[in-house]
Amino acid sequence: MAAVHGDAHGHGHDDHHPSGIMRWITTTNHKDIGTMYLWFSFAMFLTGGTLALGIRAELFQPGIQILQPELFNQFTTLHGLIMVFGAIMPAFVGFANWQVPLMIGAPDMAFARMNNWSFWLLPVAATLLVSSFFVPGGAAAGGWTFYPPLSTQGGLGVDLMIFAVHILGASSIMGSINIITTILNMRAPGMTLMKMPMFVWTWLITAYLLVLVMPVLAGVVTMLLTDRHFGTSFFNAAGGGDPVMFQHIFWFFGHPEVYIMILPSFGIVSEVIPTFSRKPLFGYASMVYATASIAILSCVVWAHHMFTAGMPTVGQLFFMYATMLIAVPTGVKVFNWTATMWQGSMSFETPMLFAIGFIFLFVIGGFSGVICAIVPIDIQVQDTYYVIAHFHYVLVSGSLFALFAGAYYWIPKWTGRMYNETLGKWHFWLSMFFFNLTFFVQHFLGLAGMPRRIPDYNLQFADFNMVSSIGAFGFGLTQLLFLYVMISCIRSGEKAPQNPWDGATTLEWTHLPTPAPYHSFEKPPVVK
Amino acid sequence: MTLVIPGICKISNHVGGNMRSKSVVTLAGVSALALYSSMALGSKYNLPEPQSVIAKDIYDQHIILMWICLVIFIGVFGVMFYSVLKHRKSLGYKAANFHHSTAVEIIWTVIPCLILVVMAWPATKTVIAMKDTSSPDMTIKATGYQWMWGYDYLQGEGEGISFFSKLSTTRAQIENKAPKGENYLLEVDNRVVVPVGKKVRIILTANDVLHAWWVPALGIKQDAIPGFIRDTWFKADKPGIYRGQCAELCGKDHGFMPIVVEVLEAAEYTKWVAAQGTSAVKTSMHVENK
């Protein structure tokens, strides 16, 4: 990493820092830390992706071929945990580290040393997770939601997972406190809250959600730990506990978590669409209010993950109505993006392609979300491949596509070099094709009755599973193209001008040279 | 693509005609809708053909929602892709500079709310109906085990019958050493047998971890929770064999604990109960000895 980035950052006149590995271990620079977050999350993305390919390889044909059921369950569990906590969330924190100070005209993050620690906790947690495959009994196999009593049955792997979640939670909480403090206190003079770029707004709201729910997750895994080892019975009926209480607490964290992973993508897309439409974002204020509404609503819909767990009629109806309501602010966002594009002067560089691809596929995921919100229909599709398809439409073609859009959009500012536009477009179209090949057919599998988390299935599901597996391998290989495009950009891309996107209006493009110097905005810009 | 013969659908294909569209038409009054529904019946692109009132409601609501989603989808992306095609820099299109309209924001907040009300209304009625487990004709307790189901007929005709129901697909089929049958992984040694047209209340619990009892054609899925009781119900429209699977991850063999419900005519059911008279005791004795 040092070799890759050394030259890119090497030419600021005032950047005194250790070189070699010590630069990265001791750094308090938001750009270095952002870079580490992004590389870490990409490594985790490839790890989780490899697990996904293991799953898809097993499901390529009916019968057990490659993974025995127990190992298959470990793969699905760790795939989920690694992708959620190791890939998607740290990637967004990486973007926040790089972009929040640049976009609000701040010299660095508010708590620079804590920032270092928030990052360096992550490799520790990742090591715990990945090494759990090699302990007696193997990795946790109770699903990424680790419902008890199944998760109380597991071996040492479950304990490693619990500690990993603790550490990841601590890292997230520190990261969010840092982001909140930075945004609230370190904006350039004249940048009122309602003048902040949308990306900053979405991260401010996301950070509040994180501070709210990560302690709940920490609490619930701790209760699980004491149930496993210290004789408590929080989730054990025989001791007066209730397994369903775990689900309530978990999803009180888990549902806002879903929005933690999507709100910053809304932010990225809200930067990219106006830039490449050469037109200001339509309905800025309503976008802010919509983001806040989604965040607030996300805290009162958790039990829609539990419609089959059994709850009173009134409970089911309340959670159904609340969940459906989320479609309203989400719809407002989509309409605003469309209105931003309307009568713009659009060009379709890779970031714009990924942003439009995001809207297109995220809306499909939104529709299947509304369908899942309807209790009677959810009774049929809950815990089937329909739900798998639904949340991969919002997490892969949602969060991940937005991350790609952001990476292509900002890489010139970060490295001072342009990526290869042709290869970037190939990356987009191949991702688009293989993503849909993988996941669209899973809607049909779910409707026809294939449960999730099974290593083998009836012959009626065979052809769609085969299609899905082919798509998954194509999608996985396509991401190596992304790695190639990024590395060749960093090493040998063409020099980028200060503002390669003529429509970009935020501070990092208008006030900073390219690449952004190691220390930027030591004197804050004045925002009119 | 030729491998696919959904067991559930195949059994019920021949009865698709008369139930085809009555409530679809009532609900929507759109003949295109009914056409689509009948085309989709028994298709592998949709929910299995419904075999109970609740399953039928679910099926119809899903179809209606698909239509609403499709219309919105075409509307939004029609506008967006028109814009993508016409408002291009490469065509020399100059960007307008509007960026705000409170009236428009209010309109596209209110209209989705109204659409949601239209969606929620029938769903609410179905939820209330699903939750009404009162006055059943018979009650069966299903218990989830790692990895099989246990059934106890608690009340109604057949009271006292008790048995376990395990996957009957052979190990050799799973390990690809023998050809797989049509009901691969969806066949059991002892089926749950119920009479047609009777309200059957299913009481659920589990012995070890969470399981879920799911029969798609009957429109019921309910988690089985160790230490707690949950209930649900169904009334099968016609005789047949309806297959489902455990739907909550329960460990190693989660994928290998199917549910098979056999619905019989009343007279046939009585015969079945009589036949169990002797063997039922034997089965439960057998259980005790295990």
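These exercises, with worked solutions, concern a predicted model.

**Exercise 1. Describe how helix H4 and helix H5 of chain B are arranged relative to each other, and what their contact is made of.**

Step 1. Locate the helices. In chain B, H4 covers residues 53–86 and H5 covers residues 102–131.

Step 2. Take the two quantities needed. Two packed helices are described by the angle between their axes and the distance between the axes. For H4(B) and H5(B) the angle is about 170° and the axes are 10 Å apart.

Step 3. Classify the angle. Angles over 145 degrees count as roughly antiparallel. H4(B) and H5(B) are therefore roughly antiparallel to each other.

Step 4. List some of the residues in contact. From H4(B) they include Ile54(B), Ile58(B), Leu65(B) and Ile68(B). From H5(B) they include Ile115(B), Met119(B), Pro122(B) and Ala123(B).

Step 5. Sort the residues by kind. The contact of H4(B) with H5(B) has ten nonpolar residues, two polar ones and one charged one.

**Exercise 2. Work out the layout of the five-stranded sheet in chain B.**

Step 1. Write the strand order. In chain B the order is E3-E2-E1-E5-E8, the sheet is open, and the pairing is mixed.

Step 2. Find the edges. Strand E3 (162–165) and strand E8 (230–234) of chain B each pair on one side only, and these are the edge strands.

Step 3. Add the twist. From one strand to the next it averages 25°.

Step 4. Look at one pair. Strand E5 (residues 200–206) of chain B runs antiparallel to E8(B), and five bridges join the pair. Opposite Val200(B) stands Phe234(B), a residue of E8(B).

**Exercise 3. Find the cis peptide bonds at Pro515(A) and Trp147(B), and place each in its chain.**

Step 1. Begin with chain A. The bond between Thr514(A) and Pro515(A) is cis, with omega about -5°. Pro515(A) belongs to the segment after helix H19 (507–510) of chain A.

Step 2. Turn to chain B. Gln146(B) and Trp147(B) are joined by a cis peptide bond whose omega is about 5°. Trp147(B) sits in the loop between strand E1 (138–145) and strand E2 (148–155) of chain B.

**Exercise 4. Arg278(A) and Asn176(B) have positive phi values; decide whether each is buried, partly exposed or exposed.**

Step 1. Give the angle and place of Arg278(A). Its phi is near 55°, and the residue is not a glycine. Arg278(A) lies in the loop between helix H10 (263–277) and helix H11 (284–298) of chain A.

Step 2. Apply the cut-off. A residue is buried if 20 or more other C-beta atoms lie within 10 Å of its own. Arg278(A) has 22 other C-beta atoms within 10 Å, so Arg278(A) is buried.

Step 3. Do likewise for Asn176(B). Its phi is about 65°, and Asn176(B) is not a glycine either. Asn176(B) is in the loop between helix H6 (171–174) and strand E4 (192–195) of chain B. With 13 other C-beta atoms within 10 Å, Asn176(B) is partly exposed.

**Exercise 5. Characterise the contact between chain A and chain B.**

Step 1. State how many residues take part. Chain A gives 74 residues and chain B gives 81 residues.

Step 2. Find the main contributor in chain A. Helix H13 (residues 327–341) of chain A gives the most to the side of chain A that touches chain B, with eight residues.

Step 3. Sort that side of chain A by kind. Its residues are 44 nonpolar, 23 polar and seven charged.

How values were computed:
Residues numbered from 1 in each chain as written. Chains lettered and ligands numbered in written order. Predicted model: local features only at pLDDT ≥ 70, side-chain atom pairs only at ≥ 80, totals over all residues. Contact = placed C-beta atoms within 7 Å. Helix = DSSP H or I, 4+ residues; strand = E, 2+ residues; numbered from the N terminus. Nonpolar A, V, L, I, M, F, W, Y, C, P; charged D, E, K, R; others polar. Pairing = 2+ DSSP bridges. Axes fitted to C-alpha atoms, helices over the stretch in contact; angles between N-to-C directions. Parallel < 35°, antiparallel > 145°, perpendicular 65-115°, else oblique. Buried ≥ 20, exposed ≤ 12 C-beta atoms within 10 Å, placed from the backbone.
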